[in-house]
Amino acid sequence: MVLSKRNCAFLLVFVAAVCLELYQAQHIVGRCRCPLFSSRIYRPNITDFQVYEPYPRCDSTEVILTRIKLDNSTEKLCIHPRGKIAVNLIKCWERINKEESRKMECIERMKRPEEKISED
């Protein structure tokens with residue numbers, strides 16, 4: 001059986017497409033957004049947070065806080081998902097049914113009572 005140039009080119013493109021699909025479907029552990037966790041977090045400066053569920057390249061939940069630094073710039077911090085702050089944020093996030101518009105409720109709950117009084 002002799003393949004024509006056209007059939008050979010088609011076969012080559014097909015094999016390349018299959019190889020590309022197989023390459024992209026590999027499960028690579030350890031490609032998370034948060035390779036390191038921040039150790040110290042000052043709660044009043046937190047303005048936002050994101051909770052990322054496990055996905056194919058990362059097998060753990062990730063929590064990323066956004067805070068305001070002293071120079072009024074923002075900074076994103078990864079916190080350990082089993083830490084006290086992260087556990088409380090994840091519980092609150094699930095309680096509000098993951099509604100973006102209600103995130104501030106979770107941030108307010110996280111603040112200590114004396115911090116809430118000083119803001120009023």
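How many of the seven residues of β2 are buried, and why is the strand described as largely enclosed by the rest of the structure? Six of them are buried, so β2 is largely enclosed by the rest of the structure. The model discussed here is a predicted one. The paragraphs below start with the whole chain, move to the sheet that contains β2, and end with the helices and loops.

The chain has 120 residues, and buried residues make up 25% of them. Its secondary structure comes to four helices and three strands. Following the sequence from its start, the pattern is α-β-β-β-α-α-α. Contacts that link distant parts of the sequence can be expressed as a share: among contacts between residues at least 6 apart in sequence, 44% join residues at least 24 apart.

The three strands form an open sheet in the order β1-β2-β3, and their pairing is antiparallel. The edge strands are β1, residues 46-52, and β3, residues 74-79, each of which pairs on one side only. From one strand to the next, the twist averages 20°. As general background, the strands of a sheet pair through backbone hydrogen bonds, in either a parallel or an antiparallel way.

Strand β2 covers residues 62-68 and is joined to β3 by six bridges. Six bridges also join β1 to β2, and these two strands run antiparallel. Some individual pairs help to locate the strands against each other. On the β1 side, V51 stands opposite V63 of β2. On the other side, I64 has C78 in β3 as its bridge partner, T66 stands opposite K76 in β3, and I68 stands opposite T74 in β3. In a regular strand, side chains alternate between the two faces of the sheet.

What connects β2 to β3? The two strands form a hairpin with five residues between them. N72 belongs to the loop between β2 and β3. Its phi is near 65°, a positive value in a residue other than glycine. The cut-off for an exposed residue is over 50% relative accessible area, and N72, at 65% relative accessibility, therefore counts as exposed.

After the strands come further helices. Helix α2 spans residues 84-95 and helix α3 spans residues 103-110; their axes come within 9 Å and cross at roughly 145°. The crossing of α2 and α3 is right-handed. On the α2 side the contact is made by I85, L89, C92, W93 and R95, and on the α3 side by K103, E105, C106, R109 and M110. By type, the residues of this contact divide into six nonpolar, no polar and four charged.

Between α2 and α3 runs a loop that contains K98. Phi of K98 is near 60°, a positive value in a residue other than glycine. With a relative accessible area of 41%, K98 is partly exposed.

Which residues of α3 are buried? They are K103, C106, I107 and M110. Seen down the axis of α3, these buried residues fall within an arc of 100°, so they line one face of the helix. The spacing can be understood from helix geometry: an α-helix has 3.6 residues a turn, so residues three or four places apart point the same way. The elements that cover the buried residues of α3 include β1 and α2. Helix α3 is thus linked in this description both to an edge strand of the sheet and to the helix that it crosses.

The last stop is the loop between α3 and α4, where K111 lies; α4 itself covers residues 113-119. Is K111 buried or exposed? At 8% relative accessibility, K111 counts as buried, the cut-off for that class being under 20% relative accessible area. K111 also brings together two distant parts of the sequence: its C-alpha atom is separated by 6.7 Å from that of P44, although the two residues are 67 apart along the chain.

Note on methods
Residues numbered from 1 in each chain as written. Predicted model: local features only at pLDDT ≥ 70, side-chain atom pairs only at ≥ 80, totals over all residues. Heavy atoms only, no water. Pairing = 2+ DSSP bridges. Axes fitted to C-alpha atoms, helices over the stretch in contact; angles between N-to-C directions. Left-handed = near helix turned anticlockwise from the far one by under 90°. Contact = heavy atoms within 4.5 Å. Nonpolar A, V, L, I, M, F, W, Y, C, P; charged D, E, K, R; others polar. Buried < 20%, exposed > 50% of the residue type's maximum accessible area, 1.4 Å probe, protein only. Arc of directions from axis to C-beta.
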